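Please open the model in a viewer and keep the selection tool at hand. The stops below are given in the order in which they may be selected.

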Amino acid sequence: MFEYEMHQLRAADLTREADRRRLLREAREAKAARAERRSARHETEGRVSTGARRRSRFTRAA
């Protein structure tokens with residue numbers, strides 16, 4: 001019985017650790033996204049389109 005209780009405690013610790021790491025990662029990603037949006041506001045020109053869509057917009061030159 002003691003081993004089962006130790007296993008349950010360890011599983012709970014691992015779950016808490018995973019949750020903490022997930023929250024830290026999400027906070028870092030949110031901070032990076034905010035910084036990217038902030039820097040994008042100050043740019044005079046932005047990206048027009050991605051490479052995948054560019055091919056479908058224009059016809060080939062003769």
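Select F2 first: this residue is exposed, with a relative accessibility of 60%. The classes used here are buried for under 20% relative accessible area, exposed for over 50%, and partly exposed in between, with a 1.4 Å probe and protein chains only. F2 is placed in helix α1. Helices (H or I, at least four residues) and strands (E, at least two) are DSSP runs, numbered from the N terminus.

The model is predicted: local features need pLDDT of at least 70 and side-chain atom pairs count only at pLDDT 80 or more, while totals for chains, interfaces and linings use all residues. Residues are numbered from 1 along each chain as its sequence is written, and side-chain values use heavy atoms, with hydrogens and water left out.

Extend the selection to M6 and L9. Together with F2, these residues form a nonpolar surface patch with about 350 Å² of accessible area. Patches consist of residues with over 30% relative accessible area and no salt bridge; like charges are joined within 9 Å, and nonpolar side chains (Val, Leu, Ile, Met, Phe, Trp, Tyr) within 5 Å. Accessible areas come from the Shrake-Rupley method with a 1.4 Å probe, and for residues only the protein chains shown count as cover.

Next, display the whole chain. What share of the 62 residues in the chain is buried? Buried residues amount to 0%. The chain contains 2 helices and 0 strands, and about 6600 Å² is exposed, of which carbon and sulfur atoms supply 53%.

Turn now to the salt bridges, of which a search of the whole structure finds 6. The criterion is a side-chain nitrogen of Lys or Arg within 4 Å of a carboxyl oxygen of Asp or Glu. Side chains of opposite charge can pair when their charged atoms come close.

Select D13 and R16, a salt bridge in which the closest N and O atoms are 2.3 Å apart. Both residues belong to helix α1 (residues 2–41), at a spacing of 3 residues, about one turn of the helix. D13 is partly exposed at 36% relative accessible area, whereas R16 is exposed at 52%.

The next selection is E17, R20 and R21, which are linked in a network of salt bridges.

Continue to R22. Which residues form salt bridges with R22? D19 does so with closest N and O atoms 3.9 Å apart, and E26 does so at 3.5 Å. Within helix α1, D19 and R22 are 3 residues apart, about one helical turn; E26 and R22 are 4 residues apart, again about one helical turn. R22 is partly exposed at 33%, as are D19 at 35% and E26 at 36%.

Finally, select K31, R34, R37, R38 and R41, which form a positive surface patch. Lys and Arg count as positive and Asp and Glu as negative; His and the chain ends are not counted. The place of a charge is taken as NZ of Lys, CZ of Arg, CG of Asp or CD of Glu. Within this patch, R38 lies in helix α1 and is partly exposed at 46% relative accessibility.
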